[in-house]
Amino acid sequence: MKIDQFNFAGHKAIVRVDFNVPLDENGNVTDDTRIRGALPTLKKVLADGGALIMMSHMGKPKGKVKPELSLSQIVKNVSAALGVEVKFAPDCAKADEAAAALKGGEALLLENLRFYPEEEGKPVGVEKGTPEYDEAKSAMKKSQKEFAKKLASYADVYVNDAFGTAHRKHASTAVIADSFDADHKMLGFLMEKEVTAINNVLKNAQHPFTAIIGGSKVSSKLGVIQNLLDKVDNLIIGGGMGYTFIKAQGGHIGESLHEDDLMPEALNIIKAAKEKGVNLSLSVATVAGDKFDNDANRQTVDIHNIPDGWEGMDASEASLANWKKIILSSKTILWNGPVGVFEFPNFAHGTGEIAKYVAEATQTNGAFSLVGGGDSVAAVNKFGLADKISYVSTGGGAMLEAIEGKVLPGVAAIEG
């Protein structure tokens, strides 16, 4: 069922949202982006005259009640964003009365789902790889189903609008869907947008298609790179992971971050790119620092000849010039991960420039651009470019798994 075709009047809808928002030491929300992202779905339920039950996790309490991770702290923010007074159920598994009393146009927020280990479905306090763990895992699977059934019992419609957790087979993101028929379970507007954006890149890409993959480690993006080699025309690899490729080819990388055990894989990727006709573009020079610090001394050096005691920290102007040409000639662009140590202002220039190139390609040349992953998203936001990108993904991990070609349990539970 598509959410825009469903009338919630006379229904109670339980909606999985991602309200895992950052809080300061006093429990105040410091960034309400995720709350605002869920509003189209939540307001649709209320505008139709439906009763709204929201459920989310916050942080990693690992099955224990932790007051500092209580969703009670954000009730006022959700109420203000929705324009209705949101009621609160202090125990997500004991909310029968609160849910039953809910009338059309009213809203209820359940307490943090992860206060119960059944939400994630992982045994607590048992060592992995032991017979006890296997037993506990089997028992937990049963408990997880019961927990999901309890959550489902509060409503007659289920909506998943939490893309950030779509890659997890948790009680509230996947298991709960078994309790609803196909006409009474659906993706929320945010989830639909995410799935459409990923399909635009993976299944309906216009060419030339360029992927920009940055970040610190090859190991965390290996599956993504391998899957993209069959789809892209250009593959730009920047950031810390690039130094593994340079060292694998015999370059001297000084103290730069790298993974020796991934060097054979790096060479395989270079070979596969050549065989498939993919233009693999690595850095040609780097802005190096003499220590891992914002105030380090800096010099621009050839990527294959970084002096001892120095480490690559940002993309050089020469590398950026190469990448700009590639990005501006692209019709589809996927960007995940920074091309320098973005958290240090003195080494954030390269990542900021990439953000500008992607925005220019989108606005001037009509490219479709998808940006995801914490630092990439932070870069487009920092430079006020988010509205100049085709789609900015809210779920870094889920987006990466989808691009790797993996099935997302949260989507599959609804779409089959």
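Guide: Angles between axes run from 0 to 180 degrees, taken between N-to-C directions. The model is predicted.

Visitor: At about what angle does helix α6 run to β16?
Guide: Helix α6 spans residues 189-202. It lies across β7 (209-213), β15 (332-336), β16 and β17. Its angle to β16 is about 120 degrees.

Visitor: In what order do the six strands of that open sheet stand?
Guide: The pairing in this sheet is parallel. Its edge strands, β10 (279-281) and β17 (391-392), each pair on one side only. From one edge to the other, the order is β10-β8-β7-β15-β16-β17.

Visitor: Which residue in β17 is the bridge partner of Val 371?
Guide: Strand β16 covers residues 368-372. It pairs with β17 in the parallel sense, over two bridges. Across from Val 371, the partner in β17 is Val 392.

Visitor: Which strands does helix α13 touch?
Guide: Helix α13 covers residues 396-403 and packs on the sheet. Its direction makes about 130 degrees with that of β15. The strands touched are β15 and β16.

Visitor: Which are the edge strands of the open sheet β3-β4-β2-β1-β5-β6?
Guide: This sheet has six strands, and the pairing is parallel. Each edge strand pairs on one side only. Direction ignored, neighbouring strands are turned by 25 degrees against each other on average. The edges are β3 (86-89) and β6 (185-187).

Visitor: Which residue in β6 stands opposite Tyr 158?
Guide: Strand β5 covers residues 157-160. Three bridges join it to β6, and the two run parallel. Opposite Tyr 158 stands Lys 185.

Visitor: At about what angle does helix α2 run to β3?
Guide: Helix α2 is made of residues 75-82. It lies across β2 (51-55), β3 and β4 (107-110). With β3, the angle is about 150 degrees.

Visitor: Which element gives the most to the lining of the second largest pocket?
Guide: That pocket holds about 450 Å³ of space. Of its 32 lining residues, the closest to the centre are Gly 215, Ser 216, Gly 239, Gly 240 and Gly 340. At least two lining residues each come from α8 (242-248), β14 (311-315) and α12 (374-382). With five residues, the top contributor is β14.

Visitor: How many charged residues are in that pocket's lining?
Guide: The lining splits into three classes. There are 13 nonpolar and 14 polar residues. The charged residues number five.

Visitor: Which helix gives the most to the lining of the largest cavity?
Guide: With a cut-off of 30 Å³ or more, the count is one cavity. Its space is about 80 Å³. Its lining includes Val 17, Asp 18, Thr 33, Arg 34 and Thr 394. Four lining residues come from the top contributor, helix α1.

Visitor: How many nonpolar residues line the largest cavity?
Guide: Three lining residues are charged, and four are polar. Among the lining residues are Phe 163, Gly 164 and Leu 190. The nonpolar count is four.

Visitor: What is the radius of gyration of the protein chain?
Guide: The chain has 14 helices and 17 strands. Its C-alpha atoms fill a box of roughly 70 × 55 × 45 Å along the principal axes. The globule rule gives 22 Å for 416 residues, and the chain's value is close to that, so it is as compact as a globular protein of that length. The radius of gyration is 23 Å.

Definitions and conventions
Residues are numbered from 1 along each chain as its sequence is written. This is a predicted model: local features need pLDDT of at least 70, side-chain atom pairs count only at pLDDT 80 or more; totals for chains, interfaces and linings use all residues. Side-chain values use heavy atoms; hydrogens and water are left out. Two strands pair if DSSP finds at least two bridges between them. Contact means heavy atoms within 4.5 Å. On a 1 Å grid over the protein atoms alone, a cavity is a set of points where a 1.4 Å probe fits but cannot get out, and a pocket is an open set with protein on both sides within 12 Å along at least five of seven lines; lining residues have an atom within 4 Å of a point. Grid points are joined across faces, edges and corners, and a volume is the space filled by probe spheres set on the points. Ala, Val, Leu, Ile, Met, Phe, Trp, Tyr, Cys and Pro count as nonpolar, Asp, Glu, Lys and Arg as charged, and the others, Gly among them, as polar. The radius of gyration is taken over C-alpha atoms; the globule rule is 2.2 Å times the number of residues to the power 0.38.
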